[in-house]
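Student: Please give me a close look at one hairpin of this model and at the residue just after its turn. I should like to follow the contacts of that residue outward into its surroundings.

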Amino acid sequence: MITSRRDLVTEVYSPTGWSDISTDVRQVDGVSIVEGARDEAGETQPTKVTLTLRNQSGHYFPSNPLSPVRLRRNMPMRLSLRDVRAEFAGTAVNGWAGTDTGDVWVPYNYASLANFAESDGVATHSGMAANGYRLSYLDDVQAGPVRARVVWSLPAISDVTGGDLEPGTLALHLSAPTTYYQVRAVVDSAESIELWIVRMEAGSEVMMGSAVTPYTYTAGSMWVTVAEVEGNTVRGKIHPFTDSEPLTWGLETTDDDPLPIGSGGIRSGRASGNTNNPTFAYHSYELVRPLAQVGLSSIKPRRAAGGTAGTRTRRL
């Protein structure tokens, strides 16, 4: 059994997408996760999660038709522990400032440290030649299974010319700056956005899978890349920043010889033939360890001390 009062992230999947309800979880009561195990008949029992929500607003009552996050039976819910969070609120030249959680960004593959900067809620990679890249990775972070999310944009780019641009690429299971999984966003010269999963080992790339997303890059737009590694499975998705994260993954592939657990990071790339000379901008980043994804099985309203209504939820 896992019981947590740490930086717990709790999300529910409503008709509009994944919604973060973490601020309403009463961590003073603890959150219990009982992982499924095989019984004597060889059947795996479902994972059970028990937690208590603040519900003074009434948002979570199933009978509230005006709430986008009202709880309903079989509603998907996921819980994670956030290890790293970066809002890029610092000011730094010749590198990125530390994360909000006190982690250190290490720059890699640069002509000058001036190619890395942070200010006003944005961290940037710049100054790379065609067929070049920049990488900022986290020092001394080990996580697996792991999910990461980055918000990115391409300031001053209205038309991708020549070769592709590769913004918002997430590095996971990084054991060295040349060995890790990439979940890569690719914007081609037609402004179509693709999703690639690449295995990097000792600097050599192996394409594990690719998919064309339904999206087209436009000037001034912001985007989100989400990546996850669970066992030997690597997943990714991309969506506009103005949209909630979708339930399904845009691309999923497996690795018969999976990389060991490692750190995370953000990579920017400029493919051969590209003539843009871009700056890649990053607006937020987080890295979490998934604990459970379950379906809501029961809701038990209770009245808290003083007569205030609360909601206890149990998921199987």
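Tutor: Contact here means that heavy atoms lie within 4.5 Å. The model is predicted, and local features need pLDDT of at least 70, side-chain atom pairs count only at pLDDT 80 or more, and totals for chains, interfaces and linings use all residues. Residues are numbered from 1 along each chain as its sequence is written, and side-chain values use heavy atoms, with hydrogens and water left out.

The hairpin consists of strand E9 (residues 116–119) and strand E10 (residues 122–125), which run antiparallel and are joined by four bridges. Strands are DSSP runs of E, at least two residues long and numbered from the N terminus; two of them pair if DSSP finds at least two bridges between them. Two residues lie between E9 and E10, and Asp120 takes a positive phi near 55° in this hairpin. Ser119 has Val122 of E10 as its bridge partner.

Val122 itself belongs to strand E10. With a relative accessible area of 22%, Val122 is partly exposed; this class lies between buried (under 20%) and exposed (over 50%), judged with a 1.4 Å probe on protein chains only. Neighbours within four places in sequence set aside, Val122 is in contact with Phe88, Ala117, Ala281, Tyr282 and His283. The C-alpha atoms of Val122 and Val151 are 9.9 Å apart, although 29 residues separate the two along the chain.

Of these contacts, Phe88 leads to an aromatic group. Phe88 is buried, at 2% relative accessible area, and Trp96 also counts as buried, at 9%. Their ring centres are 5.4 Å apart and their planes stand at 70°, so the pair is edge-to-face. Rings of Phe, Tyr and Trp (its six-membered ring) pair if their centres lie within 6.5 Å; planes under 30 degrees apart are stacked, over 60 edge-to-face, and the rest tilted. Phe88 and Trp96 form one aromatic cluster with Trp105, Tyr282 and Tyr285, and the whole structure holds nine aromatic pairs.

The same names recur in the largest nonpolar core, a set of buried Ala, Val, Leu, Ile, Met, Phe, Trp, Tyr and Cys residues joined through side-chain atoms within 4.5 Å. This core has 42 residues, of which Phe88, Trp96, Trp105, Trp152, Ile266, Tyr282 and Tyr285 touch the most other members. Among the elements that give two or more residues to the core are strand E12 (146–153) and strand E21 (280–303). Trp152 touches, among others more than four places away in sequence, Ala281, Tyr282 and His283. These three residues are also among the contacts of Val122.

Ile266 leads on to strand E20 (residues 263–270), where eight of its eight residues are buried. Gly264, Ile266, Ser268 and Arg270 point one way from E20, and Ser263, Gly265, Arg267 and Gly269 the other way. Six bridges join E20 to strand E11 (residues 132–138), which runs antiparallel to E20, and six join E20 to E13, again antiparallel. Arg267 of E20 stands opposite Leu135 and also opposite Thr169. These strands belong to an open sheet of seven, in the order E8-E11-E20-E13-E14-E15-E16, with antiparallel pairing. Strand E8 (105–108) and strand E16 (204–216) each have a single partner strand, so one side of each is left without a neighbour in the sheet.
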